[in-house]
Every structure is written in structure tokens, then in C-alpha cells.
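Subject: Structure handover

Hello,

Here is the structure I said I would pass on. Please open it beside this email and follow along with the notes below.

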Amino acid sequence: MTQVDTTPILDAEEEAHAKREKLIKLARWTLPSLVLFLTLASWQAYVTIAEVPHYVLPSPLLIAETLVKDWEILWPALIVTGRLTLIALILAVIGGVGLAVAFTQSKWIEMSLFPYAVVLQVTPVVAIAPLLQIYVDSAFVAALLCAWIVAFFPILSNTTIGLKSADHNLQDLFTIYGATGWQRLRYLTAPSALPFFLGGLKIAGGLALIGAVVAEFVIGRAGTGLGLASTLLEASYRFNFGRLYAALILISVMGVVVFALMSLISHLCLFRWHESALKRE
Amino acid sequence: MAIQRAPLGERDELLRMSHVEKTFRGDVVALKNMNLVVNQGDFISLLGPSGCGKSTALRLIAGLMRPTSGQINWQGGQGEGDLGVVFQEPTLMPWASVKHNVWLPYRMRGKSYSSVKDEVLHALKLVGLEKFQNAYPRELSGGMKMRVSIARAMVTKPRLILMDEPFAALDEITRHKLNNDLLALRERIGCTVIFVTHSVFESVFLSDRIVVMAARPGRVIRELDVTAPYPRDEAFRTSPEYAEHARLASDALHQAIEVAA
């Protein structure tokens with residue numbers, strides 16, 4: 001083969017590559033949509049043909065109908081659960097970051113408290129929740145504590161590692177320039193810890209929602225008001241499976257929204273400088 | 001606008017190490033009885049095999065470690081911003097732009113960016129990177145990152161700049177370029193430099209004094225003056241004078257390796 005022959009071959013290859021890229025881009029949206037559509041269609045077909053009663057398995061259409069019809073019940077419930085999740089997450093960030101900073105400032109504090117943070121993390125929250133309900137007067141505070149316990153650990157653990165992972169030469173440089181403890185934290189260890197913290201935040205967002213749902217299940221509507229999880233539970237007692245599924249879907253949607261939000265925050269903080277946010281050419 | 005430098009024997013003293021020793025874990029002698037006088041305007045290379053204590057000496061001068069015994073004295077005491085450091089890695093903060101990285105030594109002294117903007121931009125201009133002031137480190141090549149690091153080390157016009165094998169990780173072409181630029185920079189700002197290296201050729205090209213060190217225990221075995229005048233350029237690299245100094249330094253280095261073996 002001569003040199004001249006290779007040029008058109010390479011072009012064809014480039015073209016095929018470009019075509020493939022285009023196809024992949026298209027498929028990223030169309031394929032999952034297709035799967036969703038097929039699943040819903042066969043579900044609907046099965047329920048209709050086999051005449052499954054709605055209190056065993058409601059049809060997708062019924063669920064959609066319930067979503068619209070019960071919106072006046074579901075929307076406030078969504079707000080309640082969302083608020084609980086959000087407050088728990090904010091408190092988890094404050095607690096996790098605060099404790100992580102305390103840990104890295106003092107070895108003594110870390111040695112004294114870290115084992116208990118682990119114990120708190122590994123004990124199933126479902127088992128702690130009823131106790132919280134007994135010892136904490138306000139049911140709302142109990143529910144909040146419940147969600148907080150689940151959410152704070154990934155933030156604590158990730159931020160602690162992040163604060164310790166600052167470049168050693170940069171540490172030396174800060175020493176040479178006579179940096180104060182605050183300057184070191186503000187300009188060196190905190191920015192170094194940021195990607196780790198944001199990784200923890202992504203996990204904590206999902207966990208805060210799980211914690212909120214568990215709290216609603218165990219502690220009930222007394223403290224939190226009627227959230228999505230308590231709505232779901234109540235609907236199951238009443239064999240109102242349309243509403244049950246509608247609440248379930250809303251919980252899932254909320255989880256996805258929380259995750260997307262955390263990912264967005266992470267991207268906004270890191271896209272200018274961090275390796276994880278770089279696009280390779 | 002070259003800086004006037006006194007000839008080698010007539011410079012004022014800047015820093016003196018007397019009988020400095022450093023021992024680790026009670027019995028590993030990293031540095032034994034080091035005596036060194038650094039004069040204003042000196043470009044001194046610490047040359048030696050690994051483990052000869054040259055980096056330890058640098059860390060002691062930087063104040064990152066205390067000597068086990070002996071003294072390190074600055075003429076007139078060490079003040080804020082008297083010291084600039086360049087490490088083997090560029091050691092930039094990846095989350096900060098180039099200009100904010102260079103601002104760091106001032107920032108630690110509580111100076112706002114706007115109050116030292118001229119100094120920062122001037123330092124960047126001296127290393128040829130003023131166009132990249134808003135870039136982030138990841139957008140720069142290895143050589144450019146090293147230039148930012150050098151700009152940061154000299155932005156406060158320190159009395160002494162310590163360089164710990166700064167060009168060891170670069171390719172030879174970039175390394176030669178940066179060697180030339182470093183000398184040109186020194187002609188302009190007249191800084192005093194202590195430069196750690198294990199390259200004979202780099203030390204001869206850059207320095208007016210070479211301190212040859214041996215390992216186990218780390219110690220100084222020879223001091224050589226490189227009398228060739230500055231400015232030195234590419235022509236110097238191929239001159240007989242350069243070859244002769246390289247031979248002397250190389251002999252001393254081999255001696256250093258032999259006494260340690």
C-alpha cells in the first residue's frame with residue numbers, strides 16, 4: 001500500500017467515528033426512554049389482560065391518574081419530606097464539617113470522638129429511631145436526629161480525609177511563609193478537602209432522604225406532619241395502591257433531584273481546576 | 001540594567017552555618033559538621049549523591065527543621081519575606097489561578113491582591129508568563145508551572161532563594177532553557193541562590209560556587225569556585241573553560257561517591 005492510499009481510509013475511519021459518536025449521543029436518551037416506555041406498556045397490558053385488581057397491582061395509568069387527582073395531598077407531603085431532608089442535610093454538613101475540622105486541629109479530639117462516630121454510623125438507624133422517639137420530646141427533632149445520624153458520617157469521614165490530604169510541599173511552603181492556623185485552613189487544607197467533601201455530600205444527600213423516610217415510618221406523622229413516607233404507609237393500610245405507588249414515585253423523583261442538585265454544586269465548585277471535572281480530548 | 005555584583009571574594013556575608021549537625025532518630029547522621037558562608041549575590045550549588053544531606057541542609061536553612069547542634073545565623077536576623085523556595089515539583093495550588101498562586105507569599109502577610117498587583121504582574125513578566133496570569137495550573141506545561149513557582153519564590157524580592165532540584169523532572173531542552181532564564185533573571189534582580197542538584201553540568205553552568213557533599217554521613221568535602229564571568233549563555237556550555245570546571249566538579253563528585261562507598 002502506498003502513502004496516497006492511506007488518506008481516504010483514515011477519512012472514512014474518522015467519519016465512522018463521528019457517526020458513532022452521534023449515535024451514542026442519541027442513544028443515551030432514547031434507549032432508557034424506550035426501556036421505560038416498554039416496561040410501562042407491558043405493565044399496563046398485563047394488568048388489563050389478566051384483570052389484576054388495583055389493590056394488588058395498580059396500572060400505570062391509574063397511578064398517573066392518582067398523581068393528578070391526589071396532588072393536593074401529595075404536594076404538601078412532598079414539601080414535608082423535602083423540608084426534613086434538606087434541614088437534616090444542612091445540619092449534617094455543619095456537623096460533619098465542624099467535627100472534621102475539630103479532628104484535624106486536634107489529635108486528642110479525634111482519638112476521643114471518632115470511635116463513637118463510627119458506632120453511630122454502623123448502628124442501624126431503624127433500631128435507634130424508636131429510642132429517639134422516647135427520649136426526645138419533640139417528634140420533629142427526633143425525626144431530624146434520625147435523618148442527621150445517617151447523613152453526617154460520609155461528610156465527616158470524607159472531609160477528614162480531605163483535610164489531611166493537602167500537598168506536603170505546600171504545607172512546608174505555608175510554614176516558610178509563616179501562615180497562621182486560620183490561613184492554613186482557609187487557603188490550603190479547606191480547598192484541598194473540597195473535592196472529598198463534595199463526594200461525601202453526594203452520598204449524604206441520598207442518605208438524608210433515606211433517613212427522613214425511615215423517620216417518617218418509625219416516628220410517624222406526630223412529629224413531621226404527613227410526609228411522603230407516612231402517606232405511603234397510610235395508603236398501604238387502606239389498600240389505596242394507586243396513591244402508594246404515586247408516593248413511591250415521588251420519593252424516587254426527589255432522590256434523583258437531590259442527587260442532581262449535589263452533582264451540580266460539585267460541578268460548579270470544581271470545574272475550573274479539578275481533574276475529576278476535566279474533559280479529555 | 002544588569003545588577004552590579006561584587007567579585008567573589010569581596011561580597012558581604014548573608015548567612016552563616018557553623019558546625020551544623022542533624023541527626024535523625026538518635027543515630028542516623030544526616031548532616032555532620034556543616035560550615036557554609038553564603039554571601040550576598042552568591043549562586044551556590046550543593047552537589048552530591050543521594051543521601052549526602054543536601055536537601056537536609058536546605059530544609060535547615062528554610063527553618064523547616066532545627067539543627068541537632070550548631071547554628072544558622074542570618075546577617076541582621078531573618079525577616080518576613082527574606083526567603084523564597086522552589087521545590088522539585090512546581091507545588092502550585094491547583095484551585096488558584098497563576099496570579100493568585102504568585103500572590104501567596106504576600107497573602108500570608110495579610111496583603112490584598114490589589115495592593116501588590118504590580119509586584120505580582122512584574123514577577124510574572126520576568127518569567128515570561130504575564131499573558132497566563134488568569135490561567136489555572138492544569139492548563140500549563142511542566143516548564144511553565146516551574147516558571148510560576150519561580151515567580152512566586154521571588155515576588156517578595158527575598159534575600160535568599162532556595163531551590164531543591166527544581167528542574168530535575170523536566171526534559172533536557174526545557175531544562176537548558178530554564179537554566180538560561182534563571183541566570184538572566186538573576187542578572188536582573190541580583191538574588192542570592194542556593195541550588196540543590198545532582199547534575200555536574202547544571203551546577204557548573206549556573207553557580208559561582210559549588211559545594212560538593214558526600215553521603216553517610218552527609219558532609220561537605222570540597223568547595224569549588226567557578227570563576228567564569230556572567231552573563232553565561234549557550235556559548236559557555238561548549239567553551240573549554242566550562243569543560244575544565246565540569247572536569248573538576250566531576251572529579252570532586254567521584255571522590256564524594258568513593259569516600260562514601
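Between chain B and chain A there are five residue pairs in polar contact, with both partners at pLDDT 80 or more. That confidence value applies here because this is a predicted model, in which side-chain atom pairs count only at pLDDT 80 or more.

On the side of chain B that touches chain A, the elements that give two or more residues are β5 (83-86), α2 (98-107) and α4 (142-154) of chain B. Sorted by class, that side of chain B has 14 nonpolar, three polar and five charged residues.

How many salt bridges are there between chain B and chain A? The count is one salt bridge. It is formed by D172(A) and R59(B), whose closest N and O atoms are 3.0 Å apart.

As for the extent of this interface, 22 residues of chain B are in contact with 19 residues of chain A. The area buried between the two chains is about 2000 Å², and carbon and sulfur atoms give 68% of it. Three residues are worth finding on the chain B side: W95(B), M108(B) and R138(B) supply 36% of the area that chain B buries against chain A, more than any other three residues.

Next, chain B by itself. Its secondary structure comes to eight helices and nine strands. The radius of gyration of chain B is 18 Å, close to the 18 Å that the globule rule gives for 261 residues, so chain B is as compact as a globular protein of that length. Along its principal axes, the C-alpha trace of chain B spans about 50 × 45 × 35 Å.

The domain assignment splits chain B into domain 1 (39-82 + 159-261) and domain 2 (90-157). Note that domain 1 of chain B is written as two segments, 39-82 and 159-261. The C-alpha centres of these two domains of chain B lie 24 Å apart. Their contact takes 15 residues from domain 1 of chain B and 12 residues from domain 2 of chain B.

The area buried between domain 1 and domain 2 of chain B is about 1100 Å², with 71% given by carbon and sulfur atoms. Within domain 1 of chain B, the residues that lose the most area to domain 2 of chain B are G81(B), L178(B) and L185(B), which together make up 35% of what that side buries.

Which residues form the salt bridge with the closest N and O atoms 2.8 Å apart? They are R147(B) and D181(B). The count between domain 1 and domain 2 of chain B is one salt bridge. Across this domain interface there is also a count of one residue pair in polar contact, both at pLDDT 80 or more.

On the side of domain 1 of chain B that touches domain 2 of chain B, β6 (160-164) and α5 (172-189) of chain B are the elements that give two or more residues. The largest share of that side, seven residues, comes from α5(B). By class, the same side of domain 1 of chain B has eight nonpolar, two polar and five charged residues.

Last, chain A. It is divided into domain 1 (10-51) and domain 2 (60-277). The C-alpha centres of domain 1 and domain 2 of chain A lie 34 Å apart.

Regards

Notes: Residues numbered from 1 in each chain as written. Chains lettered and ligands numbered in written order. Predicted model: local features only at pLDDT ≥ 70, side-chain atom pairs only at ≥ 80, totals over all residues. Heavy atoms only, no water. Domains from an automatic or database assignment. Contact = heavy atoms within 4.5 Å. Buried area = accessible area lost by both parts, 1.4 Å probe. Salt bridge = Lys/Arg side-chain N within 4 Å of Asp/Glu carboxyl O. Polar contact = N/O pair within 3.5 Å; in protein donor to acceptor, adjacent residues only side chain to side chain. Helix = DSSP H or I, 4+ residues; strand = E, 2+ residues; numbered from the N terminus. Nonpolar A, V, L, I, M, F, W, Y, C, P; charged D, E, K, R; others polar. Rg over C-alpha atoms; globule rule 2.2 N^0.38 Å.
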